[in-house]
Amino acid sequence: MTAVPTNEGSEATAGPTRRQQLEHHLKTCPTDRDSYLELATIYREENRPLQAAKILRQAHETFPDDSSLLWELEEAQLARSVQQLVEVRDLATRLGNSSADHELERATADWGNCRLKVCRARLNRDPSLTYLRMVLGEALYDLERYDEAIDELEPLLDSETHSPGAYLLTGRCQLLLSQDMAAMKSLRQASIRRAVVGPAKTRSAALKLLIDLADRHGLSASLQFYQQSLQAIS
């Protein structure tokens, strides 16, 4: 492996930047794994995830069995997708026209689909990464695929760590499917279950939805109980 020259004394000599050194080095030594990773890190720090993904794709093609390189490539792909979403969202806010809104819908769908692709690939490689099902559920929710989100979240409902958030998101999906009674059950599990106490933010969000449900269905006793429970958190 050919050593990459350091950038010591570069300020005095106005020499190439570390990024430029690595770019040149990899053209002549395309099997230097560590240089791929270092260059990708620099691109990410410069907020250039597209370039990071490109160099990591080259690395993955060179080292197809390297799982850490594949993970970093997926991270760069996710970063690029969310960067595009933010850029389009800012543009839509400034322009406020139907064309910009259409682009925002496309970017939002791309972000959801990117999460689905990456998380499913990671779960296929390592089924023990069950926390990724929460990300899958959120992506499916954003894509308005509520039944699929509920199915994806089901394995997390028995998890002490993830069940409060999984029940909350399940309840939100059920609400959008007009399954109010099922949603009420899920949201109660997210907010007032004694066996597993979720984060305050999760319980608060669930209770606010329960208050709305109880009010709409005329459940006065439940409404009062949920209001009191929410006050206790605050």
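Trainee: Okay, a polar contact is a pair of N or O atoms within 3.5 Å, where one can donate a hydrogen and the other can accept it. Which side chain does the side chain of S35 make a polar contact with?

Mentor: The side chain of D32, at 2.8 Å. Keep in mind that we're looking at a predicted model.

Trainee: Where does S35 lie?

Mentor: S35 is part of helix 3, which covers residues 33-45.

Trainee: And is S35 buried or exposed?

Mentor: S35 is buried, because its relative accessible area is 3% and buried means under 20%.

Trainee: What about D32, where does that one lie?

Mentor: D32 is in the loop between helix 2 (18-28) and helix 3. D32 counts as buried too, since its relative accessibility is 3%.

Trainee: Which other side chain does D32 join in a polar contact?

Mentor: The side chain of H25, and that contact is 2.8 Å. So D32 has a polar contact with S35 and another with H25.

Trainee: How far apart are the C-alpha atoms of D32 and E105?

Mentor: They're separated by 40 Å, and the two residues are 73 apart along the chain.

Trainee: New topic. How many salt bridges does the structure hold?

Mentor: There are 17 of them. One of them is between E74 and R122, where the closest N and O atoms are 2.7 Å apart. That pair links distant parts of the chain: E74 sits in helix 5 (residues 67-95), R122 in helix 6 (residues 98-125), and they are 48 residues apart.

Trainee: Are E74 and R122 buried or exposed?

Mentor: Both E74 and R122 are buried.

Trainee: Which residue does D110 meet in a salt bridge?

Mentor: D110 meets R106, with 2.8 Å from N to O. Here both partners lie in helix 6, and they're 4 residues apart, which is about one turn of the helix.

Trainee: Why is D110 called partly exposed?

Mentor: D110 gets that label because its relative accessible area is 33%, and partly exposed is what falls between under 20% and over 50%. R106 counts as partly exposed as well, at 36%.

Trainee: And E152, which residue does its side chain meet in a salt bridge?

Mentor: That would be R133, with 2.4 Å from N to O. E152 lies in helix 8 and R133 in helix 7 (residues 132-142), so this pair ties together parts that are 19 residues apart in sequence.

Trainee: How do E152 and R133 count, buried or partly exposed?

Mentor: E152 counts as buried, at 14% relative accessibility. R133 counts as partly exposed, at 24%.

Trainee: Which residues are linked in a network of salt bridges?

Mentor: R19, E23, E46 and R48 are linked that way.

Trainee: Let's go to the surface. Which residues form the negative patch?

Mentor: D147, D151, E154 and D158 form it. Take D151: you'll find it in helix 8, residues 146-153. D151 counts as exposed because its relative accessibility is 53%, and the cut-off for exposed is over 50%.

Trainee: Now backbone angles. What is phi of N47 near?

Mentor: Phi of N47 is near 60°, a positive value in a residue other than glycine. N47 has its place in the loop between helix 3 and helix 4 (49-62). With a relative accessible area of 54%, N47 is exposed.

Trainee: And what is phi of E144 near?

Mentor: Phi of E144 is near 65°, again a positive value in a residue other than glycine. E144 lies in the loop between helix 7 and helix 8. E144 counts as exposed, at 59% relative accessibility.

Trainee: Last residue: where is E160 found?

Mentor: E160 is in the loop between helix 8 and helix 9 (163-176). Its relative accessible area is 66%, so E160 is exposed.

Trainee: How far apart are E160 and Y226 in space, C-alpha to C-alpha?

Mentor: They're 23 Å apart in space, and 66 residues apart in sequence.

Terms used
Residues are numbered from 1 along each chain as its sequence is written. This is a predicted model: local features need pLDDT of at least 70, side-chain atom pairs count only at pLDDT 80 or more; totals for chains, interfaces and linings use all residues. Side-chain values use heavy atoms; hydrogens and water are left out. Helices (H or I, at least four residues) and strands (E, at least two) are DSSP runs, numbered from the N terminus. Buried means under 20% relative accessible area, exposed over 50%, partly exposed in between (1.4 Å probe, protein chains only). Patches are made of residues with over 30% relative accessible area and no salt bridge: like charges are joined within 9 Å, nonpolar side chains (Val, Leu, Ile, Met, Phe, Trp, Tyr) within 5 Å. Accessible areas come from the Shrake-Rupley method with a 1.4 Å probe; for residues, only the protein chains shown count as cover. A salt bridge is a side-chain nitrogen of Lys or Arg within 4 Å of a carboxyl oxygen of Asp or Glu. Lys and Arg count as positive and Asp and Glu as negative; His and the chain ends are not counted. The place of a charge is taken as NZ of Lys, CZ of Arg, CG of Asp or CD of Glu.
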